[in-house]
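Student: Could you walk me through how to read the features of a protein model, one at a time?
Tutor: Happily; here is the one to look at.

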Amino acid sequence: MAGIYIHIPFCKQACYYCDFHFVTSLKHKTELLKALQNEIRLQKDYLSGETIETIYFGGGTPSLLTGDELNMIVDTVTRYHTVASGAEITLEANPDDLDQEKVSAIRQTPVNRFSIGIQSFFDDDLFWMNRAHRSSEAEASVKRVQDSGFENITADLIYGYPLLTDHKWKHNLEQIFELKIPHISAYSMTVEPQTTLASFIKKKVYAPMDEAQSAEQFLVMLNAIEQQGYEQYEISNFCTPGNYSRHNSNYWKGVKYLGIGPSAHSFNGEARQWNVANNAKYIEALAKNTIQAEREELSEQNRLNEYIMTSLRTMWGLDIDKLDNIAKGSSSELIRAADGFFDKGWMSKKDTIITLTQEGKLYADKIASDLFF
Ligand code: SF4
């Protein structure tokens, strides 16, 4: 089983915090879609014939595509791959795109899961982020999607930015619970270099992020979601029983995936590769039946570190036997290095599985990097 990620590099406007690859003009959409289809054809053997269990339209803003365009891309995937019946097909969508006409059109495609970029239910927050939608559109879009028969929905939320008081954060979470959204991805606001947010902070137009506020709001969230019966199956991902994102869970479990589109990453078990993050260069290369991408073969050390990084973030944890499968003797080395974290109560171990405690989850990145080989 494997997954396919398709990057749609267009957005209506640039959110101040975003460093994903996108452009705000749809001028070259037709050429880009043609290039995507050509890349699907050229990369048909990348996954060695494995059945496709998940397809994920990410971006950018894939909800800027029409139903016909989505159908055309999925048809191309099915022409070159065996797609499992019941495959999870996710579409990232922004609330302002999801009017009734668009939702009805998407209903006529194989898309069966929505990832809706809500971020906050407060207009002042959305304005501060330079999001294209308003809070009322967020709520209406979720209801429209649900009324059209989609049950598998995830909402993106952001916390840990100066405007978001604890009171507002609790309200945002309550809105999600009230709307009965079965999956939440919630990320602390990070200031990526080269973003408008970074430059506003540098110029003192915006206040900097406060780590203590972010940690506090993370704990508020853990408490609230637990009471509502959501499971924290990855540090930033929560769901009601059984409603995991199959696509993202497979990333964390090391399942192979093929990334299509500018800036998209692929992994075939032995190497990673990533396409050029430039629409014009991407289109130009595909017009010549070539793919402009960089590739990195994964060393034993890379594979150990990736496994530590991803597994510790999940509720399934790190299996020390798997470390030994990658490099003999590495499990005892890791256990020795992790000694201090067990003493602090940040990690626990049951049989061969190591997981982070609630407190340890606050330091997940530091713990992982300290354990790297
Ligand atoms: S809509 Fe998403 S991809 Fe586009 S700029 Fe905003 S955060 Fe980035």
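Tutor: What follows is a short tour of ligand shell, rings, charges and backbone. This is a predicted model, in which local features need pLDDT of at least 70 and side-chain atom pairs count only at pLDDT 80 or more, while totals for chains, interfaces and linings use all residues. Residues are numbered from 1 along each chain as its sequence is written, and side-chain values use heavy atoms, with hydrogens and water left out.

Student: Which residues are around the ligand?
Tutor: A residue is near a molecule if one of its heavy atoms lies within 4 Å of it. Here the residues around the ligand are Cys11, Gln13, Cys15, Tyr17, Cys18, Phe22, Gly60, Thr61, Asn94 and Arg131.

Student: How many residues of each class does that shell have?
Tutor: Ala, Val, Leu, Ile, Met, Phe, Trp, Tyr, Cys and Pro count as nonpolar, Asp, Glu, Lys and Arg as charged, and the others, Gly among them, as polar. The shell has 5 nonpolar, 4 polar and 1 charged residues.

Student: Gly60 is in that list; where is Gly60 found in the fold?
Tutor: Helices (H or I, at least four residues) and strands (E, at least two) are DSSP runs, numbered from the N terminus. Gly60 is in the loop between β2 (52–59) and α2 (67–80). A cis peptide bond joins Gly59 to Gly60, with omega at about 15°.

Student: How many aromatic pairs are there?
Tutor: Rings of Phe, Tyr and Trp (its six-membered ring) pair if their centres lie within 6.5 Å; planes under 30 degrees apart count as stacked, over 60 as edge-to-face and the rest as tilted. The count comes to 18 aromatic pairs. Take Phe114 and Phe150: their ring centres are 4.8 Å apart and their planes stand at 85°, so this pair is edge-to-face. It links distant parts of the chain, with Phe114 in strand β4 (residues 113–119) and Phe150, 36 residues apart from it, in the loop between α5 (135–147) and β5 (153–159).

Student: Are Phe114 and Phe150 buried or exposed?
Tutor: Buried means under 20% relative accessible area, exposed over 50%, and partly exposed in between (1.4 Å probe, protein chains only). Phe114 and Phe150 are both buried. For a tilted pair, look at Phe177 and Tyr230, at 5.4 Å centre to centre with 45° between the planes. Phe177 is buried, and Tyr230 is buried too.

Student: Where do charges sit over rings?
Tutor: The test asks for NZ of Lys or CZ of Arg within 6 Å of the ring centre and within 35 degrees of the ring normal. The charged end of Lys253 is over the ring of Trp316, 4.4 Å from its centre. Lys168 lies over the face of Phe122, at 5.2 Å from the ring centre.

Student: What does the side chain of Ser120 reach?
Tutor: A polar contact is a pair of N or O atoms within 3.5 Å; within protein, one must be able to donate a hydrogen and the other to accept it, and residues adjacent in sequence count only if both atoms are side-chain atoms. The Ser120 side chain reaches the backbone nitrogen of Phe122 at 3.0 Å. Ser120 counts as buried because its relative accessibility is 0%.

Student: Which residues other than glycine have a positive phi?
Tutor: Two examples are Ser48, with phi near 50°, and Ser263, with phi near 75°. Ser48 is exposed, with a relative accessible area of 58%, whereas Ser263 is buried at 17%.
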